[in-house]
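Grab a pencil and work through these exercises with the structure open beside you. Try each task before you read its solution.

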Amino acid sequence: MEIEPGEMTVGQLAERSGVAISALHFYERQNLIISRRTTGNQRRYKRDTLRRVAMIRIAQRVGIPLAEVAAILALLPDNRTPTRQDWERISECWQVELDRRIVHLEQLRDDFKDCVGCGCLSLDRCALANPYDTLATKGPGPQRLIDPAGAPSHPATCH
């Protein structure tokens, strides 16, 4: 076994990261992680690959498409271990998108139990909040949850 200091086999990476070997192979085919090959064609990963895999898993958990993850990870250096500043820069790239997703999740949790202005008129409160579906004149969708630009809005701050 040709293992350099600071390297892991695919099995070790799978065990430590909690990700199946097949998923690691998939991530590699998608250029999300990289390995070197030994003379026996076995994969060897730098230890910092653990952080990349952790980021991929967290991003997937919150619904960020792998294509977006790949674009962000492409900002990291290939030939050196990413620094704290590298990771901070990457985190900042997602700040606006994650804040938007948080607002949407809060809406689903907090506001969807009331009339959202979608036009269904199925809740007893719809007749008060959206009589005769008057919000339809503002456009399609849940008008009490989006602003005129289509951005999320809480009913308390509705237009």
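**Exercise 1: The sheet**

In this predicted model, 3 strands make up an open sheet, ordered β1-β3-β2 with antiparallel pairing. Work out which strands sit at the edges, and how β1 is joined to β3.

*Solution.*
- Step 1: Look for strands that pair on one side only; these edge strands are β1 (7-9) and β2 (36-37).
- Step 2: Now follow β1 to its neighbour. It is joined by 3 bridges to β3 (residues 43-46), and the two run antiparallel.
- Step 3: Pick out one bridge: T9 has R44 in β3 as its partner.
- A reminder: strands in a sheet pair through backbone hydrogen bonds, in either a parallel or an antiparallel way.

**Exercise 2: A helix across the strands**

Find the helix that lies across β1 and β3, and give its angle to β1.

*Solution.*
- Step 1: The helix is α1, residues 10-17.
- Step 2: Compare its direction with that of β1: the angle is about 95°.

**Exercise 3: Who touches H25?**

Locate H25 and list what it touches, leaving out residues up to four places away in sequence.

*Solution.*
- Step 1: H25 belongs to helix α2, which covers residues 21-29.
- Step 2: Its contacts are V10, R43 and Y45.
- Step 3: Take R43 as a check. Along the chain H25 and R43 are 18 residues apart, yet their C-alpha atoms are separated by 9.6 Å.

**Exercise 4: Two helix crossings**

Describe how α4 packs with α3 and with α5.

*Solution.*
- Step 1: Know what to report: for two packed helices, that's the angle between the axes and the distance between them.
- Step 2: Start with α3 (residues 49-61) and α4 (residues 66-73): their axes come within 10 Å and cross at roughly 145°. R52, M55, I56, A59 and Q60 of α3 make the contact with L66, V69 and L73 of α4. This crossing is right-handed.
- Step 3: Move on to α4 and α5 (residues 84-111), whose axes come within 10 Å and cross at roughly 145°. The α4–α5 crossing is right-handed.
- Step 4: Name the residues that meet: E68, V69, I72 and L73 from α4, and W87, I90, C93 and W94 from α5.

**Exercise 5: A charge and a ring**

Find the ring that the charged end of R51 sits over.

*Solution.*
- Step 1: The ring belongs to W87.
- Step 2: Check the distance: the charged end of R51 is 5.2 Å from the ring centre, and the cut-off is within 6 Å.

**Exercise 6: Using a record**

Describe the stretch that UniProt labels "domain: HTH merR-type".

*Solution.*
- Step 1: The unreviewed UniProt entry puts this feature at residues 7-75.
- Step 2: Over residues 7-75, the chain is 55% helix and 13% strand.
- Step 3: The C-alpha atoms at the ends of residues 7-75 are 22 Å apart.

Methods. Residues numbered from 1 in each chain as written. Predicted model: local features only at pLDDT ≥ 70, side-chain atom pairs only at ≥ 80, totals over all residues. Heavy atoms only, no water. Lys NZ or Arg CZ within 6 Å of the ring centre and 35° of its normal. Pairing = 2+ DSSP bridges. Helix = DSSP H or I, 4+ residues; strand = E, 2+ residues; numbered from the N terminus. Contact = heavy atoms within 4.5 Å. Axes fitted to C-alpha atoms, helices over the stretch in contact; angles between N-to-C directions. UniProt positions renumbered as here; feature names shortened; annotations may be inferred. Left-handed = near helix turned anticlockwise from the far one by under 90°.
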